[in-house]
Amino acid sequence: MILGCLIAMNVFPVVKSRDLLFDSKCSSMLNQASLYASSLSTLNVLQADEVGKVMTLMDDQRLSRVFVTDREKHIVYDNTVQQDESAEALAPEREVEMALAGNNVFFSQLKAGAVSSRACIPVISGGSIIGAVYLYEYDTAQAALIESLRLNLLSISLITAISALLVGLLLGYLIAHRTRMILTGIRGIGAGRYDTRIEDRGLDELGEISGEINLLADRLQQIEGVRQRFVSDASHELKTPLAAITLLSDSIVQNDGMDKATVREFVYDIGREAERLARVTQQLQELTKLDSKARELREDVDLGKVAAEAMKMLLTLADQKDVTLSSNLAEKCIVRANPDDLHQIIFNLVENAIKYNVTGGKVNMLLYHLGDRVELVVDDTGEGVPPDKLGSIFDRFYRVDESRSGEQSGSGLGLAIVRDAVLKNGGTVEAANRREGGMRFQVSFPAAEEGEEHRRDRRS
Ligand code: ADP
């Protein structure tokens, strides 16, 4: 495109200005020839001496050659008689013939750095053609102007073409280089090197693509980290009870003389470890379900009913631990959530509150409206959690005190399930130590619209 424009830019102005020059030459030379012809038309016959007298009065400085012929094409006056002229100037046959036939003739051409123009018109006297006037002009000044215009345009075009070529090459190189960089990055990430980042700070679309790919790589790296940690934690969690089971069963097998009571005790321990394994795998399954969003179903659920049910299921455990359960549940606390998730949340919180309580301790549950939210609070009178560990208790497989938790046979997954389930259902959960001792877990959900109506009903 640039080349096409440059060619047009070089050809069009030169041709146009040359045509303009030819036009102006045509009119000026024909005018001058008419002037000569009208001066000569006073003569009846064109004869050398009389024509010479008339012509010496005329101004012919601009012209290279002026001659006058009679009807028979004999030159009766020629201002270059003494000078050498070019062959072309000396061969005016065609023009003279055309003029004697009654035509005004003009030819012009730009050649060899000069504009050569020829004008020839008939001399008419008394209504008949008595001869012809021929003018010849050889103009180098105007031709030089056109030539310099041509050269100027050519040099501008050359500079433009070279710059366009250089800029094109540079842009092409830069784009190809950046595209290669992006491709290398994508291939690296695709090959599993998630720490690969594309070093492109461009502000254009390519820069944006690089930024997005880097964000994607960040996310992949994060997920990969979580996955690896999860797999190693999970396998560690499963390995411990399996190792215990292997050890206990080996002891029974290898020890022939083991008394019945010890065997029973060992088998009982094996059973407990197997139970723990089952619990961990079930909780892992729970987490996977939450992760894969399998339980997408949401409906309006009365949280009070779910809470009462969960507490009922934990009464036996509370009795065993000698922990008293109490609750104060407001009515019509409706939230839009998955009922199974809500059950899991409350069950895990209350189970922990019993498990980590002291003998003779208490667990109290509160459920109430606060603005457009529904708040669920589980208080206990246990030992609480050291303040510096409060931030970690919701992490997967995290246990505050490994030895104590081992005794309590916890997996460290209960609160992770609570957090994931709460977040999935649009709520928030917080843990804090109570000033009077023990812990407080507070879960908050936006109240469902139906709940709002019930509240208004209640107020009225
Ligand atoms: P676990 O299966 O060990 O109970 P959780 O994820 O439910 O796992 O809890 C993580 C840790 O947080 C527990 O090991 C325990 O130390 C601490 N924790 C949870 N709830 C309470 C509570 N009510 N009182 C004191 N500590 C608690």
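Which residues come nearest to the ligand, of the 21 around it? Select N352, Y356, D380, S411 and L415: those are the ones. Keep in mind as you click around that this is a predicted model.

**Stop 1: the ligand's polar partners**

Stay on the ligand and show its oxygen atoms. Add the side chain of K355, where a polar atom sits 3.2 Å from a ligand oxygen. Now switch on the backbone of G412, which has a polar atom 3.0 Å from an oxygen of the ligand. Do the same for G414, whose backbone places a polar atom 3.3 Å from a ligand oxygen. Turn on a surface here if you like: of the 530 Å² of accessible area that the ligand has on its own, the protein covers 99%.

**Stop 2: the shell around the ligand**

Next, colour the elements that build the shell. Pick α9 (339-355), α10 (402-408), α11 (414-424) and β12 (439-446), each of which supplies at least two shell residues. Which element gives the largest share of the shell? That's α9, with three residues. Recolour the shell by residue class and you get ten nonpolar, seven polar and four charged residues.

**Stop 3: helix α3**

Leave the ligand and select residues 93-100, which make up helix α3. Show E95, V96, A99 and L100 as sticks; these residues are buried. Look down the axis of α3: the buried residues fall within an arc of 130°, so they line one face of the helix. The spacing has a simple background: an α-helix has 3.6 residues a turn, so residues three or four places apart point the same way.

Now spin the view to the face of α3 turned away from the buried side, where you'll find the exposed residues E93 and R94. What do the buried residues of α3 pack against? Bring up the strands β1 (65-70), β3 (105-111), β4 (114-125) and β5 (128-139), and you have the packing partners. Before moving on, click G102, which follows α3 and has a positive phi, near 100°.

**Stop 4: E286 in helix α6**

For the last stop, select helix α6 (residues 260-291) and zoom to E286 within it. Is E286 buried or exposed? With a relative accessible area of 7%, E286 is buried, because the cut-off for buried is under 20%. Finish by adding I417 and drawing a distance between the two C-alpha atoms: E286 and I417 are 131 residues apart along the chain, yet those atoms are separated by 7.3 Å.

Note on methods
Residues are numbered from 1 along each chain as its sequence is written. This is a predicted model: local features need pLDDT of at least 70, side-chain atom pairs count only at pLDDT 80 or more; totals for chains, interfaces and linings use all residues. Side-chain values use heavy atoms; hydrogens and water are left out. A residue is near a molecule or strand if one of its heavy atoms lies within 4 Å of it. A polar contact is a pair of N or O atoms within 3.5 Å; within protein, one must be able to donate a hydrogen and the other to accept it, and residues adjacent in sequence count only if both atoms are side-chain atoms. Accessible areas come from the Shrake-Rupley method with a 1.4 Å probe; for residues, only the protein chains shown count as cover. Helices (H or I, at least four residues) and strands (E, at least two) are DSSP runs, numbered from the N terminus. Ala, Val, Leu, Ile, Met, Phe, Trp, Tyr, Cys and Pro count as nonpolar, Asp, Glu, Lys and Arg as charged, and the others, Gly among them, as polar. Buried means under 20% relative accessible area, exposed over 50%, partly exposed in between (1.4 Å probe, protein chains only). The arc is that of the directions from the helix axis to the C-beta atoms. Contact means heavy atoms within 4.5 Å.
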